[in-house]
Amino acid sequence: MAVITNNDVVVLCLTPIICIFSDTTGADAEPFLIAMFIAANTASMALFIGNPTNIIVAEANDISFLSYSAWMGLPFLGAAVAGIAVLYLT
């Protein structure tokens, strides 16, 4: 979802949903919240619109939407692998 919209929207919308589901099922919400935070922040770096900072940097440097995505593809994949590794190991 963070690839489609701003990561702040994802965090603000999904946090109460995760908390309600965890209360209903009796599961601990913390691991799910941490996974959501990592996923939202990692996914937001892939696109121009993922984070307000991305928009500011891209506009200030005249970087197009496609150029931004091309430059951020490899860092995004690295961050995604690192995030998955951290979640798996903890």
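1. **Helix span as a check.** The expected span of a helix is 1.5 Å times one less than its number of residues. Apply that to helix H1, residues 7-25, in this predicted model. Its 19 residues should span 27 Å. The end C-alpha atoms of H1 are 26 Å apart, which agrees. Helix H4, residues 65-89, can be put through this check too. Its 25 residues should span 36 Å. The end C-alpha atoms of H4 are 34 Å apart, which agrees.

2. **Overall make-up.** The protein chain holds four helices and zero strands. Read from the N terminus, the order of elements is α-α-α-α. The C-alpha trace spans about 50 × 25 × 15 Å along its principal axes.

3. **Burial and surface.** How much of the protein chain is buried? Buried residues account for 26% of its 90 residues. The accessible surface is about 5900 Å². Carbon and sulfur atoms contribute 75% of that surface.

4. **Contact range.** Take the contacts in the protein chain between residues at least 6 apart in sequence. Of these, 51% join residues at least 24 apart.

5. **Bend in H1.** Where does H1 bend? The bend is at leucine 14, by about 30°. A proline, proline 16, follows within four residues. Past the end of H1 comes glycine 26, with a positive phi near 85°.

6. **Buried residues of H1.** Asn7, Val10, Ile18 and Ser22 are buried in H1. What do they pack against? The buried residues of H1 pack against helix H2, residues 29-43. As background, an α-helix has 3.6 residues a turn, so residues three or four places apart point the same way.

7. **The H1-H2 loop.** Alanine 27 sits in the loop between H1 and H2. Is alanine 27 buried or exposed? The cut-offs are under 20% relative accessible area for buried and over 50% for exposed. Alanine 27 has a relative accessible area of 32%, so this residue is partly exposed. Leaving out residues up to four places away in sequence, alanine 27 touches Ser22 and Phe32. Alanine 27 and alanine 60 are 33 residues apart in sequence. Their C-alpha atoms are 45 Å apart in space.

8. **H2 against H4.** These two helices pack at an angle of about 170°. Their axes are 9 Å apart. Angles over 145 degrees count as roughly antiparallel. H2 and H4 are therefore roughly antiparallel to each other. Which residues make the contact? H2 supplies Ile34, Ala35, Ile38, Thr42 and Ala43. H4 supplies Phe76, Ala79, Ala80, Gly83 and Leu87.

9. **Isoleucine 34.** This residue of H2 is one of those in the contact with H4. Isoleucine 34 is nonetheless partly exposed, with a relative accessible area of 37%. Along the chain, isoleucine 34 and isoleucine 55 are 21 residues apart. Their C-alpha atoms are separated by 25 Å.

10. **Bend and burial in H4.** H4 bends by about 45° at glycine 73. A proline, proline 75, follows within four residues. Tyr68, Ser69, Met72 and Gly83 are buried in H4. The cover over the buried residues of H4 includes H2 and helix H3, residues 52-60. Gly83 is thus listed twice: as buried and as part of the contact with H2.

Technical notes. Residues numbered from 1 in each chain as written. Predicted model: local features only at pLDDT ≥ 70, side-chain atom pairs only at ≥ 80, totals over all residues. Heavy atoms only, no water. Bend = angle between axes of the 7 residues up to and from the residue. Buried < 20%, exposed > 50% of the residue type's maximum accessible area, 1.4 Å probe, protein only. Contact = heavy atoms within 4.5 Å. Areas by Shrake-Rupley, 256 points an atom, 1.4 Å probe, with all protein chains shown as cover. Axes fitted to C-alpha atoms, helices over the stretch in contact; angles between N-to-C directions. Parallel < 35°, antiparallel > 145°, perpendicular 65-115°, else oblique.
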